[in-house]
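Visitor: Got a minute to walk me through this one?
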Amino acid sequence: MAEPAAARLTIDLDALAHNFHALAAQAQGAEVAPVVKSDAYGLGAAQVARRLWAEGARSFFVARLGEGESLRAALGPERAAAIFVLDGFTANAGPRLDAARLTPALCSLPQVSAAAAWAARSGQPLSVALHVDTGMNRQGVTPDEARALLAGQALRGLDVSLVMSHLGSASAPQDPRNSEQLQRFLEVRSAFAEASASLSASAGMFLDPAYRFDLVRPGVSLYGGGPLETPDARLKAVATLSAPVLDIRTIPAGETVGYGGSVRLTRTTRVAVVAAGYSDGVIRAAKAGGYAWFGRARRPLLVVNMDILVIDLGDAEARVGDAVELLGPNALLDDLATAGGTVAHEILVRLGRRAERIYLGEA
Ligand SMILES: *Cc1c(COP(=O)(O)O)cnc(C)c1O
């Protein structure tokens with residue numbers, strides 16, 4: 001491949017397939033239902049979902065109704081996947097859910113009422129998931145509300161095919177909130193004996209097997225993010241961001257680099273000026289502790305501006321036009337997230353639209 005003239009984002013769908021099978025092995029019989037919300041964490045929901053379908057995935061999760069509609073169109077009639085919408089039954093969602101054959105994950109009592117009213121009007125049972133809040137206090141009916149729904153008539157016309165909840169602390173395996181949430185979920189799911197059950201996303205499926213139930217919902221791990229928010233050798237990098245060296249300079253000791261003079265060099269330093277910046281998804285905060293990969297070693301990020309970043313070359317040989325890896329198999333997603341004070345999820349969705357995109361291994 002020719003050296004890139006500008007930042008390039010390579011999305012390796014073979015690595016995605018590897019991660020899917022690694023997660024399937026970890027799931028030990030539970031269905032792996034990929035989470036492809038927010039355009040598959042910025043990597044392209046259509047390409048990602050089509051490849052995962054080819055690898056055997058049959059259920060997908062999105063956040064928004066519109067994401068579900070786009071995914072249905074991308075999968076086409078020949079790939080009849082179940083698509084769950086995490087926002088649930090939003091205003092006037094009925095006809096659109098029907099048309100795109102989407103399953104809302106109902107997450108409040110008003111949503112349950114609205115879905116039941118739509119089912120009554122359309123005269124057909126509506127397949128739904130029920131999202132139960134077991135302690136995250138974000139989305140879902142309470143366990144008491146869920147039991148009351150079963151006891152009353154509120155679910156009439158609704159076919160609850162999946163009961164689900166979401167863990168708030170699964171990347172910290174020792175956190176007691178995990179087992180509290182598990183206990184609450186076990187109580188609720190026993191009341192919904194006929195529905196499938198799902199509790200875990202990427203991190204939860206690496207906890208004790210009791211957290212796996214019938215279906216797991218990994219997002220970030222499919223895309224290479226470790227379940228403990230640290231690099232995990234079982235998973236491969238799916239996104240690689242690289243950009244060319246624009247210039248090589250030697251800066252005398254005592255000088256500062258970039259805006260505000262915040263980076264002062266204590267020794268004479270050879271640097272490379274690279275044609276990428278936070279517009280391309282290298283977050284500005286990552287310059288403290290962040291690194292790029294060049295010349296077979298990690299090179300500290302000194303400056304991250306909108307279109308330009310500067311790395312300390314050390315003793316590496318470099319030429320204008322050489323490619324610098326800013327994220328990928330050597331510049332690790334979880335390391336960049338830690339350096340930037342964020343999570344891998346946010347790094348991925350911020351990869352931005354400017355870099356040229358290349359897909360490897362499209363189905
Ligand atoms: C985003 C999300 C997931 C996927 O989470 P990851 O940490 O990316 O694996 C699963 N379930 C729900 C309800 C979510 O909102």
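Visitor: What are the helix and strand shares over residues 238-360?
Guide: The chain there is 11% helix and 40% strand. Its end C-alpha atoms are 10 Å apart. Helices (H or I, at least four residues) and strands (E, at least two) are DSSP runs, numbered from the N terminus. This is a predicted model: local features need pLDDT of at least 70, side-chain atom pairs count only at pLDDT 80 or more, and totals for chains, interfaces and linings use all residues. Residues are numbered from 1 along each chain as its sequence is written, and side-chain values use heavy atoms, with hydrogens and water left out.

Visitor: Which UniProt annotation covers 238-360?
Guide: The unreviewed UniProt entry gives "domain: Alanine racemase C-terminal" for residues 238-360. Such annotations may be inferred rather than shown by experiment.

Visitor: Switching to the ligand. How many residues surround it?
Guide: 14 residues surround the ligand (a heavy atom within 4 Å). The closest are Lys37, Tyr41, Ser202, Gly219 and Val220.

Visitor: And by class, what is in that shell?
Guide: Seven nonpolar, four polar and three charged residues. Gly counts as polar in this scheme.

Visitor: Which polar side-chain atom lies 2.5 Å from a ligand oxygen?
Guide: One from serine 202. A polar contact is a pair of N or O atoms within 3.5 Å. On the nitrogen side, an N or O atom in the side chain of arginine 217 is 3.0 Å from a ligand nitrogen. For histidine 166, the side-chain N or O atom is 3.5 Å from a nitrogen of the ligand.

Visitor: How much of the ligand does the protein bury?
Guide: 90% of the 380 Å² that the ligand exposes when taken alone (Shrake-Rupley, 1.4 Å probe).

Visitor: What does UniProt list as "binding site"?
Guide: The unreviewed entry lists Arg138 and Met306. They are spread over 169 residues of sequence, and in space up to 33.7 Å between C-alpha atoms.

Visitor: Where is arginine 138?
Guide: In the loop between β6 (126-131) and α7 (143-151).

How values were computed
A polar contact is a pair of N or O atoms within 3.5 Å; within protein, one must be able to donate a hydrogen and the other to accept it, and residues adjacent in sequence count only if both atoms are side-chain atoms.
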